[in-house]
Structures are given as C-alpha cells and as structure tokens.
Amino acid sequence: MNLPNLITLSRLALAIPFLLLLEWNGYERIALVIFVIASLTDWVDGYLARKWNQVTPLGQLLDPLVDKLLVTGALVALCARGIIPAWSVTLILFREFLVTGLRALEASRGVIVQAGWWGKWKAAIQMIAIILLLAALDSTGLPVEGATLAKVATISYWFAVGLTVASGIQYGLAAKHAFSNATRPSTPA
C-alpha cells in the first residue's frame, strides 16, 4: 500500500464523521471543514501518484469510488435537509451507478478505465458546489435566505448537475463503442 492509496483511504475515513455530523444541526461548520480536507486529499493523492509514478490498479479503482461515496453521501444528506431536490440527486446517483457499472464491465474485460477530464471536472465542480452549499447554511442548518453565498451555491449546484449529466452522456457514448468491439479500449469517463 503506497502513500497515495493511504491518502485515498483517509478520504474514506473522513467521510464517516462528515456524514454523521450532517445528521445534526449545529455541526455544519465542522462538517464543512472535514469535507474541505477530504476534497483536498482527492487532488493530493492523484498528484502524488503521478509525480512519484505510483499509479496502481487499486488506486485507480478506489479513488473514484471513494469520491462517489463522499459526494453522493453529502448530496443525500443535503437532500434530506430539503436543501436540494431529490430528483436532481437521483439523476446524479443514476449517472454514478451507470458509470460504475460500465467500469466494472470493462474491468471484467481486463480494461481499467481511468477518470477522464470530463469526470475530473465533474467531481471538482460537485465538491465545490457542496462546499458552497454547506458554507451557505445558518446555525439552524438551513440556507440563509437571500444571501449572495446561498445564490452562488445554488447556481454552482445546478452547474454541477448539468456537468454530471453531460459527462454521463459522454461516457455512455464512449461505452457504446466498447460494446460493439470488445477489444477496443474505452474512452475515459
């Protein structure tokens, strides 16, 4: 187990207290700090893995799965609080399950599909949107009505939803070609 993979696992460990803290009002600021730290580890593990030439199949598998757990867990928690609509979270979850399933299919063929630029931008924008949504909450756990930060958070969230759908379509179109020719390498998500 190399350091980049350990950093990825630390993000998984941070997801647990983060999600637990979102269950109670009054702990949003602590949850926000944990989420920011976890989000930064996403950049750090990838950077170190590439810089030190320690990219591993385990890391290529764990990194997107841990990201999905952290992000979708946050979105479900925000949905449960009534901050974002359930249909938008369902749309994001559908995309994530679809991509994960297609990656598993490719893995069964011996192909590891790394996250491409669309997927990386999608993950980054989702994390930024979640950070802004959390930062826009007041002490009761609800968005501050009319606040500029709350408006920016809402806009960033809908941008993240759009980018999630677009990257899912891009991945689906690339996967369509993979189904027609089993030996052809996949285009990254």
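The expected span of a helix is taken as 1.5 Å times one less than its number of residues. I work here from a predicted model.

**Entry 1. Helix spans**

I checked H3 against that rule. H3 holds 24 residues, and its first and last C-alpha atoms lie 35 Å apart, close to the 34 Å expected. Just after H3, I noted a positive phi of about 80° at Gly82.

I then took H2. H2 also has 24 residues, and its reach from first C-alpha to last is 34 Å, close to the expected 34 Å. Asn53, just after H2, takes a positive phi of about 55°.

H1 came next. Its 19 residues should span 27 Å at 1.5 Å a residue, and the end C-alpha atoms are 27 Å apart, which agrees.

**Entry 2. Burial along H1**

Which residues of H1 are buried? I found Pro4, Asn5, Ile7, Thr8, Arg11, Ala15, Phe18 and Leu21. An α-helix has 3.6 residues a turn, so residues three or four places apart point the same way. I looked up what covers the buried residues of H1, and the cover includes H2, H3 and H5.

I picked Asn5 for a closer look. Asn5 sits in helix H1. Its relative accessible area is 5%, and the cut-off for buried is under 20%, so Asn5 counts as buried. Leaving out residues up to four places away in sequence, Asn5 touches Thr56, Leu58 and Gly59.

**Entry 3. Salt bridges**

Side chains of opposite charge can pair when their charged atoms come close. I looked up how many salt bridges the structure holds, and the number is eight.

One of them joins the side chains of Asp45 and Arg11, at 3.0 Å from N to O. Asp45 belongs to helix H2 (residues 28-51) and Arg11 to helix H1 (residues 3-21), so this pair ties together parts 34 residues apart in sequence. Asp45 and Arg11 are both buried.

Another joins Arg81 and Glu28 through their side chains, at 2.8 Å from N to O. Arg81 is in the loop between helix H3 (57-80) and H4, while Glu28 is in helix H2, so parts 53 residues apart in sequence are tied together. I noted that both Arg81 and Glu28 are buried.

A third entry in my list is Arg95 with Glu96, whose closest N and O atoms are 3.1 Å apart. Arg95 is buried at a relative accessible area of 5%. Glu96, at 4% relative accessibility, counts as buried too.

I also followed the links from Arg11. Arg11 is part of a network of salt bridges with Asp42, Asp45, Asp63 and Asp67.

**Entry 4. Nonpolar cores**

In soluble globular proteins, nonpolar side chains tend to be buried together. I looked for the largest nonpolar core and found one of 34 residues. The residues with the most contacts inside this core are Phe18, Phe35, Leu75, Ile84, Ile130, Leu134 and Tyr157. The elements giving two or more residues to the core are H1, H2, H3, H4, helix H5 (117-135) and H6. H5 supplies the largest share, seven residues.

I followed Ile130 outward from there. Setting aside neighbours within four places in sequence, Ile130 is in contact with Phe35, Val71, Ala74, Leu75 and Leu78.

A second, separate core has five residues, among them Val99, Leu102, Tyr171 and Ala175.

**Entry 5. Nonpolar surface patch**

I turned to the surface. Which residues make the nonpolar patch of about 570 Å²? I listed Trp87, Leu91, Trp158, Val165, Ile169 and Leu173. Helix H4 (86-108) and helix H6 (148-180) are the elements that give two or more residues to the patch. H6 gives the most, with four residues.

Is Trp87 buried or exposed? Trp87 lies in helix H4, and its relative accessible area of 55% makes it exposed, because the cut-off is over 50%.

**Entry 6. The loop between H4 and H5**

Last, I looked up Gly110, which is found in the loop between H4 and H5. Gly110 counts as exposed, at 63% relative accessibility. I took one distance from this loop residue: the C-alpha atoms of Gly110 and Leu12 are separated by 26 Å. Along the chain, Gly110 and Leu12 are 98 residues apart.

Methods. Residues are numbered from 1 along each chain as its sequence is written. This is a predicted model: local features need pLDDT of at least 70, side-chain atom pairs count only at pLDDT 80 or more; totals for chains, interfaces and linings use all residues. Side-chain values use heavy atoms; hydrogens and water are left out. Patches are made of residues with over 30% relative accessible area and no salt bridge: like charges are joined within 9 Å, nonpolar side chains (Val, Leu, Ile, Met, Phe, Trp, Tyr) within 5 Å. Accessible areas come from the Shrake-Rupley method with a 1.4 Å probe; for residues, only the protein chains shown count as cover. A salt bridge is a side-chain nitrogen of Lys or Arg within 4 Å of a carboxyl oxygen of Asp or Glu. Buried means under 20% relative accessible area, exposed over 50%, partly exposed in between (1.4 Å probe, protein chains only). A nonpolar core is a set of buried Ala, Val, Leu, Ile, Met, Phe, Trp, Tyr and Cys residues joined through side-chain atoms within 4.5 Å. Contact means heavy atoms within 4.5 Å.
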